[in-house]
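Colleague: I have this model open on my screen and I'd like a close look at one part of it. Could you talk me through a single residue and then work outwards to what surrounds that part?

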Amino acid sequence: GDGDNFDDLTSYKKNCMRLEVEDVMCVLHHLHIEFKLHPKVFFLAHSLGGVPAIFSAKKAQDENIIISGIILISTVKQLNFWPEEMLEEWKQNKVYYKKNNRTKQRLPQGEEFLKEVLESDNNWNVEKEIKQLKQPILIVHGENDEAIPVEHGKSLYTWINKTNINATLKIIPEGTHTYNTKHPFEGTNTQLEEMINSVITFVKS
């Protein structure tokens with residue numbers, strides 16, 4: 001559509017972690033089989049996007065598809081981080097309309113995603129999955145993240161820092177969930193630049 005608003009809410013309602021992982025793996029398979037995969041491919045994910053990135057990285061690892069590194073920015077440590085009252089409404093109605101602060105739309109989250117959230121201790125366990133990754137991992141989190149508290153990033157790092165020698169944690173002082181920026185973008189700042197530079201340093205290394 002206009003590149004700003006979500007114009008296909010039917011598809012949005014169907015979206016879930018399973019489909020997002022399938023999307024990533026589809027791209028990887030095409031790169032690997034048809035284009036012989038560029039020697040440097042990185043996953044970069046923000047917020048909830050870190051979950052399908054982690055699970056896709058594990059699938060790639062199992063299939064011997066080389067990923068040069070994984071960058072998790074402001075990522076959740078678990079899929080089930082929603083308030084209990086929200087989950088109850090979601091379970092009762094089979095859909096939950098979550099307001100998007102940027103577009104002001106009420107976006108529907110559907111039943112399959114709910115099932116994934118409720119089964120996340122087993123089928124979508126982030127801790128279990130990230131502990132199995134061998135790729136270099138950079139975890140970046142804002143100190144003042146108002147959406148996903150910095151404890152999420154710290155937990156992710158604690159789970160892997162003893163087994164993955166190429167795991168790095170970068171806490172951005174005074175950084176928010178969007179690194180002190182908002183939509184529409186009004187210009188850069190110290191926190192955004194520090195986040196970007198940490199990613200560049202990781203990729204170059």
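**A close look at Leu 28**

Modeller: Let's start with Leu 28: its relative accessibility is 2%, so it counts as buried, the cut-off for that being under 20%. Keep in mind that this is a predicted model. You'll find Leu 28 in helix 2, which covers residues 17–34.

What is Leu 28 in contact with, once its neighbours within four places in sequence are left aside? The list is Val 41, Phe 43, Ala 60, Ile 65 and Ile 67. If you'd like a distance to check on your screen, try Leu 28 to Ile 66: their C-alpha atoms are separated by 9.7 Å, with the two positions 38 residues apart along the chain.

One of those contacts, Phe 43, takes us to the sheet, since strand 1 spans 42–46. The sheet is an open one, built from four strands in the order 1-2-5-6 with parallel pairing. Strand 1 sits at one edge and strand 6 (167–172) at the other, each pairing on one side only. On average, neighbouring strands here are turned by 10 degrees against each other, ignoring direction.

Next stop is Ser 68, in the loop between helix 3 (50–62) and strand 2. Is Ser 68 buried or exposed? Its relative accessibility is 19%, so it still counts as buried, given that the cut-off is under 20%. Not counting residues up to four places away in sequence, Ser 68 touches Pro 39, Lys 40, Val 41, Phe 42 and Pro 136. Val 41 is a name you've met already, being on the contact list of Leu 28 too.

Moving on into the sheet, strand 2 (residues 69–73) runs parallel to strand 5 (residues 137–142), and four bridges join them. To see how the two line up, look at Ile 73, which stands opposite Val 140 in strand 5. Helix 7 (residues 150–160) lies across strand 5 and strand 6, running at about 160 degrees to strand 5.

For a contrast with where we began, go to Lys 128 in helix 6, residues 126–130. Lys 128 has 53% relative accessibility, so it counts as exposed, the cut-off there being over 50%. From C-alpha to C-alpha, Lys 128 is 8.9 Å from Trp 159, although the two are 31 residues apart in sequence.

Notes. Residues are numbered from 1 along each chain as its sequence is written. This is a predicted model: local features need pLDDT of at least 70, side-chain atom pairs count only at pLDDT 80 or more; totals for chains, interfaces and linings use all residues. Side-chain values use heavy atoms; hydrogens and water are left out. Two strands pair if DSSP finds at least two bridges between them. Axes are lines fitted to C-alpha atoms, for helices over the stretch in contact, and angles run from 0 to 180 degrees between N-to-C directions. Contact means heavy atoms within 4.5 Å. Buried means under 20% relative accessible area, exposed over 50%, partly exposed in between (1.4 Å probe, protein chains only).
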